[in-house]
Amino acid sequence: MSKAAVKTADINDVAQYLVTQEPYYRPVSHEVELYEAAYSVRMPVMLKGPTGCGKSRFVEHMAWKLKKPLITVACNEDMTASDLVGRYLLEANGTRWLDGPLTTAARIGAICYLDEIVEARQDTTVVIHPLTDHRRTLPLDKKGELLEAHPDFQMVI
């Protein structure tokens, strides 16, 4: 595959995750400015509030405003680390690696929103730790790869 083909594939990957229409969001205080400050240094963000208070809408609005791709994962107690990171798939010609949403976000420089992270199992959430500190890496143990997050990647929980 040529470098031009790789660039086209990357652009297509990013384009499918862009929020193309402005989601309605009415700021309550200085949350937009605070989020922009956090994003400017790619600091992970934790949003707290009751169900239905607008956390997801706020993240969608900020992704649209910043023109960044957004990958949202609805976390639950059945979600495994492989659901987040990826897995090998068996095919007629052998096996193929399929990136999970967290890996995809780290590769393409998306905002990754792990919605309702408190519902996820602890053994699943452990995989996000190296992405949220100074390392900004994601170990893909099954592949033997240490993925360095794209400079635009940000984690939101």
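A residue counts as buried under 20% relative accessible area, as exposed over 50%, and as partly exposed in between. By that rule E116, with a relative accessible area of 30%, is partly exposed. The model described here is predicted, and the account below moves from helix α3 and its partner α2 to three single residues.

**Helix α3 and its surroundings**

Helix α3 comprises the twelve residues 55-66, which at 1.5 Å a residue should span 16 Å, and its end C-alpha atoms lie 17 Å apart, in agreement with that expectation. Its buried residues are K55, F58, V59, H61, M62 and A63, and these pack against α2 (31-40) as well as against the strands β1 (70-74), β4 (111-115) and β7 (154-156). In an α-helix there are 3.6 residues a turn, so residues three or four places apart point the same way. Just after α3, K67 adopts a positive phi of about 60°.

**The contact of α2 with α3**

Two packed helices are described by the angle between their axes and the distance between the axes. For α2 and α3 the axes come within 11 Å and cross at roughly 60°, which makes α2 oblique to α3. The crossing in which α2 passes α3 is right-handed. On the α2 side the contact is formed by E31, V32, Y35, E36 and Y39, which meet F58, M62, K65 and L66 of α3; these residues divide into six nonpolar, no polar and three charged. F58 and M62 thus appear in this contact and also among the buried residues of α3.

**Positive phi angles and burial at E116 and R136**

Two residues that are not glycines nevertheless have a positive phi, and each lies in a loop, as the table sets out.

| Residue | Phi | Loop | Relative accessible area |
|---|---|---|---|
| E116 | about 55° | between β4 and α6 (122-125) | 30%, partly exposed |
| R136 | about 50° | between α7 (129-132) and β5 | 18%, buried |

R136 is buried because its relative accessible area of 18% falls under the 20% cut-off.

**T137 in strand β5**

Strand β5 covers residues 137-140 and includes T137. With 11% relative accessibility, T137 counts as buried. Which residues is T137 in contact with, leaving aside its neighbours within four places in sequence? They are P130, L131, L146, L147 and E148. Of these, P130 and L131 fall within the range given for α7 (129-132).

Definitions and conventions:
Residues are numbered from 1 along each chain as its sequence is written. This is a predicted model: local features need pLDDT of at least 70, side-chain atom pairs count only at pLDDT 80 or more; totals for chains, interfaces and linings use all residues. Side-chain values use heavy atoms; hydrogens and water are left out. Helices (H or I, at least four residues) and strands (E, at least two) are DSSP runs, numbered from the N terminus. The expected span of a helix is 1.5 Å times one less than its number of residues. Buried means under 20% relative accessible area, exposed over 50%, partly exposed in between (1.4 Å probe, protein chains only). Contact means heavy atoms within 4.5 Å. Axes are lines fitted to C-alpha atoms, for helices over the stretch in contact, and angles run from 0 to 180 degrees between N-to-C directions. Angles under 35 degrees count as roughly parallel, over 145 as roughly antiparallel, 65 to 115 as roughly perpendicular and the rest as oblique. A crossing is left-handed if the near helix is turned anticlockwise from the far one by less than a right angle, and right-handed if clockwise. Ala, Val, Leu, Ile, Met, Phe, Trp, Tyr, Cys and Pro count as nonpolar, Asp, Glu, Lys and Arg as charged, and the others, Gly among them, as polar.
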